Amino acid sequence: MNSEFVSTALTGAGLVVGVALLGIQHYRWWKTAGGPAGGGSRDPKALIPTWFGVSFGTLMVACPAGLLGTASGFIRWGGNSFGDFVMSTMTGQRSNVIASAATPSLDGNGALVVTALVISLFTLRKAFAKVATSGFKTGVFAGTLLAIGTGVFAVIGNAVIPAVNSLGAQLIGSAVTGTFL
């Protein structure tokens, strides 16, 4: 496991924006399935693009630099700013930083997995349905905001990032040395 961490900040209003985005995606999933009276089934597979986006947003936060790291900082700034604007406009109160937490950072092996993922997503971008793309983008935004939260939301970052680092090490180990770590 990597001991380096990426430091970042999240405001209470930014956290609310991230939670709201996840709530909206799950509400749409619930309503699209027909609701209790509609008799439709709520297939959890329909949420895969959203949760894949949350995982990818978490990986973006774990990038210490580069385009993904810069983009995650911009998304976090936008979420914090938008949430603070709405909060201060509606209530007259300003939002405080609630989490100046650190997530585990990607190591070289994890960065290889993320690079392969970015190339795959870019190459296949036209093959994905509009609904899946929308869910993925919302998930990325929410994941970028929630990855550094405390409590339950920190579990996502602390599970996804070390797992990707480990996957990269296993893939490199099997491809280069013929061993599976």
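This section walks through the fold, one helix crossing, the aromatic pairs and two buried positions of a predicted model.

The chain contains seven helices and four strands. Read from the N terminus, these elements follow the order β-β-α-α-α-α-β-β-α-α-α. Of the 181 residues in the chain, 40% are buried. Sequence-distant contacts feature strongly here: among contacts between residues at least 6 apart in sequence, 80% join residues at least 24 apart.

A good place to begin is helix α1, which covers residues 12-32. With 21 residues at 1.5 Å a residue, α1 should span 30 Å, and the distance of 30 Å between its end C-alpha atoms agrees with that expectation. Several positions along α1 are buried, namely G12, A13, G14, L15, V17, G18, L22, Q25 and W29.

Helix α1 packs against helix α4 (residues 66-91), with the two axes 7 Å apart and at an angle of about 100°. An angle between 65 and 115 degrees counts as roughly perpendicular, and α1 is therefore roughly perpendicular to α4. On the α1 side, the contact is made by A13, G14 and V17. The α4 side contributes G79, N80, F82, G83, D84 and M87. Sorted by class, the residues in this contact are four nonpolar, four polar and one charged. The three α1 residues that take part, A13, G14 and V17, are also listed among the buried positions of that helix.

Turning to the aromatic side chains, the structure holds four aromatic pairs. One of them joins W29 and W30, whose rings lie 6.3 Å centre to centre with 65° between the planes, an edge-to-face arrangement. These neighbours differ in their surroundings: W29 is buried, whereas W30 is partly exposed, with a relative accessible area of 40%.

Another pair is made by F56 and F136. Their ring centres are 5.8 Å apart and their planes meet at 45°, so this pair is tilted. F56 belongs to helix α3 (residues 48-62) and F136 to helix α6 (residues 130-146), so the pair ties together parts of the chain that are 80 residues apart in sequence. The relative accessibility of F56 is 8%, under the 20% cut-off, and F56 thus counts as buried. Together with F52, the residues F56 and F136 form one aromatic cluster.

Two positions in helix α5 complete the picture. The helix itself runs over residues 108-124 and includes G110. G110 has a relative accessibility of 0% and counts as buried. Leaving aside residues up to four places away in sequence, G110 touches V164 and N165. The C-alpha atom of G110 also lies 7.1 Å from that of L167, although the two residues are 57 residues apart along the chain.

V114 is likewise found in helix α5, and V114 is buried too, with a relative accessible area of 4%. With residues up to four places away in sequence again set aside, V114 touches L59, L68, L106 and V164. V164 thus appears in the contacts of both G110 and V114. Between V114 and C63 the C-alpha to C-alpha separation is 9.4 Å, and these residues are 51 residues apart in sequence.

Technical notes:
Residues numbered from 1 in each chain as written. Predicted model: local features only at pLDDT ≥ 70, side-chain atom pairs only at ≥ 80, totals over all residues. Heavy atoms only, no water. Axes fitted to C-alpha atoms, helices over the stretch in contact; angles between N-to-C directions. Helix = DSSP H or I, 4+ residues; strand = E, 2+ residues; numbered from the N terminus. Parallel < 35°, antiparallel > 145°, perpendicular 65-115°, else oblique. Contact = heavy atoms within 4.5 Å. Nonpolar A, V, L, I, M, F, W, Y, C, P; charged D, E, K, R; others polar. Expected span 1.5 Å × (residues − 1). Buried < 20%, exposed > 50% of the residue type's maximum accessible area, 1.4 Å probe, protein only. Phe/Tyr/Trp six-rings, centres within 6.5 Å; stacked < 30°, edge-to-face > 60°.
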